[in-house]
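Work through the exercises below with the sequence and coordinates open. Each task is followed by a solution in steps.

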Amino acid sequence: MATLTHDSATRMRTGLLFALASAASFGLSGPLARGLMNAGWSAAAVVAVRVLLAGIVLLPLALPQLRGQWNLLRDNRKLIVAYGLIAVAGTQLAYFNAVAHMTVGAALLIEYTAPIAVVGWLWARHRQRPGAATVAGGVLGITGLLLVLDVASGLTVDPVGIVWAFGAMFGAAAYFVLSAQGGDLPGTVLAAGGLLIGGAILLLAGAVGIVPLRATTNTVAFADFRTPWWVPVLLIGIVTAAIAYVTGIAATRRLGSRLASFVALTEVLAALLFAWALLDEAPRPIQLLGGALILIGVIGVRLGEPASVPLGDPESQTVADQPEPDYQR
């Protein structure tokens, strides 16, 4: 029993470290993308290059992990396609269309309510009713999100934009739910396959005119330095996509969709800090307060996770005779 407790605690700690690393990596993408877009890139082109480059980088790492077990790809083909179609391409396309009809702050606010959708899904699908600590942590986390995004400064609302933003929110929620699945499928394989499929879909969307694809070789300027275009492209592909998705999958498989989705709210705080460092966009005190509330909220959700049950989601459990956890108490 002591060994199991120790293993669970170690799994939780490594899961939290992976989740924070993933959030920080994702958070860097915004400032890097802003630099590229200021240099003439379209948002869709940035994301398409980002996910395709990440998939190509991960492919040499993913293939050896299969160890010749090609049946894993066959058995998990629906998961890999769904991950690429919904979690990667679908979320990005929905977000792009949302910001075309409303402010970025409003679109992000709706998209980052994904943890609520995850909690609702686990409750409806697996009867994992959230406890008081989870609810309180969720309220604090969303309140912190409101402060970080500074919604009080004014948000424009468009019904079409709202529909697209909710599409992005469901895509983000699907990312956490799908990341927890896969069983024996290595996380790197899931990430590589999903990113390549998602990138191909984004290119197809650009080819038919759903999103504009435009790239340049202009020098990219940040707050205190200038750099060739390929430097932020490599960083945005390797760090903010390849590393971010792999660590995100690893975190979700250790923490479960619910806790991982709330820890991911720290991505907003990371983006704020990176924007300060790279774009000289200093955060306001109210935004720093929001970041603190997000962290407190994450702690609350963690305290609300049952300590006596296996980590991860029911879909990802591979032991057939494992008793179903009781989340009703």
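A nonpolar core is a set of buried Ala, Val, Leu, Ile, Met, Phe, Trp, Tyr and Cys residues joined through side-chain atoms within 4.5 Å. The model used here is a predicted one.

**Exercise 1. The cores**

Task: find which residues touch the most other members of the largest nonpolar core, and which helix gives the most to this core.

Solution.
- Step 1. The largest nonpolar core has 76 residues, and Tyr 83 and Tyr 245 touch the most other members.
- Step 2. The helix that gives the most to this core is α4 (residues 77–99), with 12 residues.
- Step 3. A second, separate core holds 16 residues, including Ala 33, Val 46, Val 233 and Ala 275.
- Step 4. With residues up to four places away in sequence left out, the contacts of Tyr 245 are Phe 26, Arg 50, Tyr 83, Ala 87, Val 88, Gln 92, Tyr 175, Ala 191 and Leu 195. Tyr 83 is thus on the contact list of Tyr 245.

**Exercise 2. The protein as a whole**

Task: state how many helices and strands the protein has, what percentage of its residues is buried, and what its accessible surface comes to.

Solution.
- Step 1. There are 13 helices and 2 strands.
- Step 2. The protein has 329 residues, and 52% of them are buried.
- Step 3. The accessible surface is about 15100 Å², with 67% of it belonging to carbon and sulfur atoms.
- Step 4. Taking contacts between residues at least 6 apart in sequence, 87% join residues at least 24 apart.

**Exercise 3. A charged residue**

Task: is Glu 111 buried or exposed, and which side chain of opposite charge is nearest?

Solution.
- Step 1. Glu 111 belongs to helix α5 (residues 104–111).
- Step 2. Glu 111 is buried and has no salt bridge.
- Step 3. The nearest side chain of opposite charge is that of Arg 50, 9.1 Å away. A salt bridge requires a side-chain nitrogen of Lys or Arg within 4 Å of a carboxyl oxygen of Asp or Glu.
- Step 4. Outside its neighbours within four places in sequence, Glu 111 is in contact with Thr 91, Tyr 95, Ala 165, Ala 168, Met 169 and Ala 172.

**Exercise 4. Pairs far apart in sequence**

Task: for Ala 270, Leu 255, Leu 178 and Ala 136, give a partner along with the separation in sequence and the C-alpha distance, and classify each residue by accessibility.

Solution.
- Step 1. Ala 270, in helix α12 (residues 266–279), counts as buried because its relative accessibility is 11%, and the limit for buried is under 20%. Ala 24 is 246 residues away along the chain, with a C-alpha separation of 5.3 Å. Ala 24 also appears among the contacts of Ala 270, together with Ala 23 and Gly 27, when residues up to four places away in sequence are not counted.
- Step 2. Leu 255 is in helix α10 and is buried, at a relative accessible area of 2%. Its partner Met 12 is 243 residues apart along the chain, and the C-alpha atoms are separated by 6.3 Å.
- Step 3. Leu 178 is part of helix α8 (residues 159–179) and is buried at 12%. Leu 178 and Ile 86 are 92 residues apart in sequence and 9.5 Å apart, C-alpha to C-alpha. Beyond neighbours within four places in sequence, the contacts of Leu 178 are Leu 79, Ala 82, Tyr 83 and Leu 190.
- Step 4. Ala 136, in helix α7 (residues 132–148), is partly exposed because its relative accessibility is 39%. The partner is Gly 297, 161 residues apart in sequence and 7.3 Å apart from C-alpha to C-alpha.

**Exercise 5. Surface features**

Task: which residues make the nonpolar surface patch, and where is Arg 67 found?

Solution.
- Step 1. Val 57, Trp 229, Trp 230, Leu 234, Ile 238 and Ile 243 make a nonpolar patch of about 480 Å².
- Step 2. Helix α10 (residues 230–255) supplies the largest share of the patch, 4 residues.
- Step 3. Trp 230 is in helix α10 and is partly exposed, with a relative accessible area of 46%.
- Step 4. Arg 67 is in the loop between α2 (43–66) and α3 (71–75). Arg 67 counts as exposed because its relative accessibility is 72%. Its phi is near 50°, a positive value in a residue other than glycine.

Methods: Residues are numbered from 1 along each chain as its sequence is written. This is a predicted model: local features need pLDDT of at least 70, side-chain atom pairs count only at pLDDT 80 or more; totals for chains, interfaces and linings use all residues. Side-chain values use heavy atoms; hydrogens and water are left out. Buried means under 20% relative accessible area, exposed over 50%, partly exposed in between (1.4 Å probe, protein chains only). Lys and Arg count as positive and Asp and Glu as negative; His and the chain ends are not counted. Contact means heavy atoms within 4.5 Å. Patches are made of residues with over 30% relative accessible area and no salt bridge: like charges are joined within 9 Å, nonpolar side chains (Val, Leu, Ile, Met, Phe, Trp, Tyr) within 5 Å. Accessible areas come from the Shrake-Rupley method with a 1.4 Å probe; for residues, only the protein chains shown count as cover.
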